[in-house]
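User: I'd like to learn how to read the features of a model like this one. Could you take me through it step by step?

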Amino acid sequence: MRIDILTLFPQMFQVPFSAGIFKRAIDHKLVSINLHNIRDYTHDKHHTADDYPYGGGPGMVLKPEPIFEAVEAIKSDISAKEEVRALPIILLTPQGRLFSQQIAQELAKYSHLILICGHYEGVDERVREHLATDEISIGDYVLTGGELPAMVVIDTVVRLLPGVLGSEASPVNDSHANGLLEYPQYTRPAEYRGWSVPEVLTSGNHAQIAKWHREQTIQRTLERRPELLDKTNLCLEEKQLVERLTPPLKQS
Ligand code: ADE
């Protein structure tokens, strides 16, 4: 996958992409990250990327020209017209659709993404209307810019790409991967400060372990994020488990 990032602060991306799983993915050419400084696409001597909002109001707004020109430069670099048409151009903004594991799975299917990091009071509306194909928010809170949200999106997407994690199977059991929270995990020692690992996990009985995992997934989701269960297809046995674990409603 190729990821192009438009930002006023390319240096913010140096550390996260130079360590751990990310570095390995880049070294193995599973992903390539291209950083573009929006200021490099300005034409005045001060490299002005922002300006005052029309109509007044606080803060500055990112100008449209350098953003359009940066995206056009990236597009002209791609040969296959088909690919250009399918290329997601994602604006990170608190007004976007709320990011989720499902959106990450959707984005992981593309071979190329462009991410635009907004800043200051916002981005000229024409970028939204005539350039971006998608707008993503990472949560109902406001950050100083789109850089951290871009990192969140990229991290979530890249770890889903085949070969990026050690074991191909690992993203399958992630919390949220199947719409539910992941079961509790343990490693050695089997007993620590008197706290033991659940016996079933050391039993070697794979069928029992799989059943325990599923039950714990359901129990944990019910305790912490019960609304997620409403959106999940459960088998009869699992529905019965939910009923058993749900405290009865008090009669009024
Ligand atoms: N820029 C500022 N806040 C943001 C958020 N919550 N999500 C995406 N981009 C943002």
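Analyst: Happily! Let's begin with burial: a residue is called buried under 20% relative accessible area, exposed over 50%, and partly exposed in between. Keep in mind that this is a predicted model.

User: With those cut-offs, how does His47 count, and where does His47 lie?

Analyst: His47 has 39% relative accessibility, so it counts as partly exposed. His47 sits in the loop between E2 and E3. Its backbone deserves a look too: phi is positive, about 55°, although His47 is not a glycine.

User: What is the general idea about the sign of phi?

Analyst: Most residues other than glycine have a negative phi, and most peptide bonds are trans. Arg193 also has a positive phi of about 55° without being a glycine. Arg193 is in the loop between E9 and strand E10 (195-196), and with a relative accessible area of 65% it is exposed.

User: Which residues does a cis peptide bond join?

Analyst: Arg188 and Pro189 are joined that way, with omega about 5°. Pro189 is in the loop between H6 and strand E9 (191-192).

User: How should I read the threonines, starting with Thr48: what does Thr48 touch?

Analyst: For contacts, it helps to set aside residues up to four places away in sequence; Thr48 then touches Thr42 and Lys63. Thr48 lies in the loop between strand E2 (32-37) and strand E3 (50-51). A polar contact of 2.4 Å links the side chains of Thr48 and Asp44. The relative accessible area of Thr48 is 29%, which means partly exposed.

User: And is Thr232 buried or exposed?

Analyst: Thr232 is buried, because its relative accessible area is 17%. Its place is in the loop between helix H8 (226-230) and helix H9 (236-245). Leaving aside neighbours within four places in sequence, Thr232 is in contact with Asn178, Gly179 and Leu180.

User: Now the ligand. Which residues are around the ligand?

Analyst: A shell is read as a list of residues around the molecule; here the list includes Leu92, Thr93, Pro94, Ile138, Gly139, Tyr141 and Leu143. Sorted by type, the shell has eight nonpolar, four polar and no charged residues.

User: Which backbone atoms lie by the nitrogen atoms of the ligand?

Analyst: A polar backbone atom of Thr93 is 3.2 Å from a ligand nitrogen, and a polar backbone atom of Gly139 is also 3.2 Å from a ligand nitrogen. For Leu143, a backbone N or O atom lies 3.0 Å from a nitrogen of the ligand. The protein covers 96% of the 260 Å² of accessible area that the ligand has on its own. Strand E5 (89-98) and strand E8 (134-137) are the elements giving two or more residues to the shell, and E5 supplies the largest share, three residues.

User: Finally, which residues touch the most other members of the largest nonpolar core?

Analyst: That core has 30 residues, and Ile3, Leu107, Leu115, Val153, Ile154 and Val158 touch the most other members. Among the elements giving two or more residues to this core are strand E1 (2-7), helix H4 (101-107) and helix H6 (147-158). H6 gives the largest share, six residues. Setting aside neighbours within four places in sequence, Val158 is in contact with Ile3, Phe22, Ala25, Val31 and Val164. A second, separate core of 20 residues includes Ile67, Leu87, Val123 and Val127.

Conventions. Residues numbered from 1 in each chain as written. Predicted model: local features only at pLDDT ≥ 70, side-chain atom pairs only at ≥ 80, totals over all residues. Heavy atoms only, no water. Near = heavy atom within 4 Å. Polar contact = N/O pair within 3.5 Å; in protein donor to acceptor, adjacent residues only side chain to side chain. Areas by Shrake-Rupley, 256 points an atom, 1.4 Å probe, with all protein chains shown as cover. Helix = DSSP H or I, 4+ residues; strand = E, 2+ residues; numbered from the N terminus. Nonpolar A, V, L, I, M, F, W, Y, C, P; charged D, E, K, R; others polar. Core = buried A, V, L, I, M, F, W, Y, C linked by side-chain atoms within 4.5 Å. Buried < 20%, exposed > 50% of the residue type's maximum accessible area, 1.4 Å probe, protein only. Contact = heavy atoms within 4.5 Å.
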